[in-house]
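Me: I've got a structure open here and want to talk through it with you. Can we start from one residue and work outwards?

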Protein chains: 2
Amino acid sequence: MSSSLAKSNSQTLNASVLSQLRSDIITCRLMPNERLRVEALRERYGMGTSPIREALMRLEAEGLVELEQNKGFRVSEVSQASLRDLMRTRIEIETIALRWSLENGGVEWEANLLGAFHRLSRQTKIDRVNSDAISGAWSREHADFHAALVAACGSPTMMAIRARLFEQADRYVALSIMSNGPLRDDVGEHKQLMRAALNREVEKAIELNRLHIMRTLDKVAASLAAGKAIGENHMTGRKRTP
Amino acid sequence: MSSSLAKSNSQTLNASVLSQLRSDIITCRLMPNERLRVEALRERYGMGTSPIREALMRLEAEGLVELEQNKGFRVSEVSQASLRDLMRTRIEIETIALRWSLENGGVEWEANLLGAFHRLSRQTKIDRVNSDAISGAWSREHADFHAALVAACGSPTMMAIRARLFEQADRYVALSIMSNGPLRDDVGEHKQLMRAALNREVEKAIELNRLHIMRTLDKVAASLAAGKAIGENHMTGRKRTP
DNA sequence: GGTCAATAGATTTTCGAAAATCTATTTGAT
DNA sequence: ATCAAATAGATTTTCGAAAATCTATTGACC
């Protein structure tokens, strides 16, 4: 029942539960709006209150968790409005990061991008066999590919912002997959995008990236509208007295 | 010696120490790179370890604090490189937010902007009398003015990013003021910027904003280069044994 | 029946001490 | 003298219980 990722014991419990919680939220093993009771999390992750609350505070700053004074934490709510806001902002941020990256990228960047694409396309094939069981691996390769695109942008600040928005978007994607199955086979899209990037066709790459995000938005928004029940009022109330 | 802001007791200690710490870091009452020992902070803010560590974790996500595993927290380091990265990113973000805000802003937005400018210009006058003693008040009005500019941008995500970057920049400004005194009298700059915004002269407002940030960057970068000693190696070592 | 205060249980928040880890210094061997 | 292991003190990290707060329900009163 508890999360799978066994962490190397060289980390502090704090760091360990932070990455586990983040992962559980992004993949919607912890559903949007779900209450995060300290006692329940203590049991789930097997540790005391301190590291858990510390991790939750950090995730609050990242926007994955919300805290109401004296009422505790819950997973951030999802909504059409914030999905659209998120994706709109993502497009702007990635546009800038991509432009900078194409201006600065050298041979190393090109090599890493090619590598990331290769891993992603392989992973896609594997997934087609295993259905959507281990799509966690795909998700990681997918994230890596998009990170590789902007890796040469030269701005740690911009990259950090981009990564955070990508994570938030990933949560919506996970939610969509849960109700409607895998989004679509977009190996082609990624390949096009990579080619434009490697050829330094800046405006084309930016436009492809924008379309890539917009297509995801449409798909996710649709399944969010359809599967309204999911994610709304999920374990919203307090534990019933026996 | 401890921070002045007396917090209303309706907040949790956690929320209280969070805002105090954030303020102390942004104003450089806690200097860049200064170690943040839990015991010292316990004394400074008068509470136990839990709320303090929770606040520190949150500030780490905001980029004001850095955590090294098993070695504790310290105020984030400052550097020419990260200053330039920060300002460059700020320009891009504020450009987008400003554009959206000028597209969407209604009468309410205009009124609030005028009000914010009025308070800022009044505050500037008061400050000229009291030297740089209570420049904290000016800093607040200044932040409010820039927030008012983009308040109609319609994107909570973009506004949150902008606010965070502004805070980070404010820390550099505070550092600069500490060594070189008040930056400059930029009432005129703010007035120009407001007028362009109210007249919906989008490109002009964006350019003025860019110049506003660039001028600040130049000034701050210069005093950072000059006063190298400040902020470097400040209480960097471990407490000496008696 | 409806409203409001009192109560009890659940939950969050906070504390202070214990455990784990790091760092500087001393000690001992080569 | 040099290096490495051992030690001691400082510091971080974690725990579990106590205090504070919230929420649902009961019961009194109109």
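Me: Let's start with A:Glu54. Is it buried or exposed?
Reply: This is a predicted model, so the answer rests on computed values. A:Glu54 has a relative accessible area of 4%. Because the cut-off for buried is under 20%, A:Glu54 counts as buried.

Me: And which element is A:Glu54 in?
Reply: Look at residues 49-62 of chain A, which form one helix. A:Glu54 sits inside that stretch, so its element, numbered from the N terminus, is helix α3.

Me: What does A:Glu54 touch, leaving aside its neighbours within four places in sequence?
Reply: Part of the answer is in its own chain, where A:Glu54 is in contact with A:Asn14. The rest comes from across in chain B. There the partners are B:Arg53, B:Glu54 and B:Met57.

Me: Which side chain makes a polar contact with that of A:Glu54, and at what distance?
Reply: Among the contacts of A:Glu54 is B:Arg53. The two side chains are joined by a polar contact, and the partner and distance are B:Arg53 and 2.8 Å.

Me: OK, zooming out to the interface. How much area do chain B and chain A bury between them?
Reply: The contact takes 31 residues from chain A and 31 residues from chain B. Carbon and sulfur atoms carry 54% of the buried area. The total comes to about 2,600 Å².

Me: Which residues in chain B lose the most area to chain A?
Reply: Three residues together make up 20% of what the chain B side buries. Two of them, B:Glu54 and B:Met57, also touch A:Glu54. The full set is B:Glu54, B:Met57 and B:Arg58.

Me: How many salt bridges does the rule find across the interface?
Reply: One that you can look up pairs A:Arg58 with B:Glu60, with the closest N and O atoms 3.2 Å apart. Polar contacts link 16 residue pairs between the chains, both residues at pLDDT 80 or more. For salt bridges, the count is four.

Me: Which element gives the largest share of the side of chain B that touches chain A?
Reply: The elements giving two or more residues are α1, α3, α4 and α7 of chain B. By class, that side has 13 nonpolar, 10 polar and eight charged residues. The largest share, eight residues, comes from α4(B).

Me: Last one: what percentage of the residues in chain A is buried?
Reply: Chain A has nine helices and three strands. Residues 24 or more positions apart account for 75% of its contacts with a separation of 6 or more. Out of 242 residues, the buried part is 48%.

Conventions. Residues are numbered from 1 along each chain as its sequence is written. Chains are lettered from A and ligands numbered from 1 in the order in which they are written. This is a predicted model: local features need pLDDT of at least 70, side-chain atom pairs count only at pLDDT 80 or more; totals for chains, interfaces and linings use all residues. Side-chain values use heavy atoms; hydrogens and water are left out. Helices (H or I, at least four residues) and strands (E, at least two) are DSSP runs, numbered from the N terminus. Buried means under 20% relative accessible area, exposed over 50%, partly exposed in between (1.4 Å probe, protein chains only). A polar contact is a pair of N or O atoms within 3.5 Å; within protein, one must be able to donate a hydrogen and the other to accept it, and residues adjacent in sequence count only if both atoms are side-chain atoms. Contact means heavy atoms within 4.5 Å. Buried area is the accessible area (1.4 Å probe) that two parts lose on being put together, summed over both. A salt bridge is a side-chain nitrogen of Lys or Arg within 4 Å of a carboxyl oxygen of Asp or Glu. Ala, Val, Leu, Ile, Met, Phe, Trp, Tyr, Cys and Pro count as nonpolar, Asp, Glu, Lys and Arg as charged, and the others, Gly among them, as polar.
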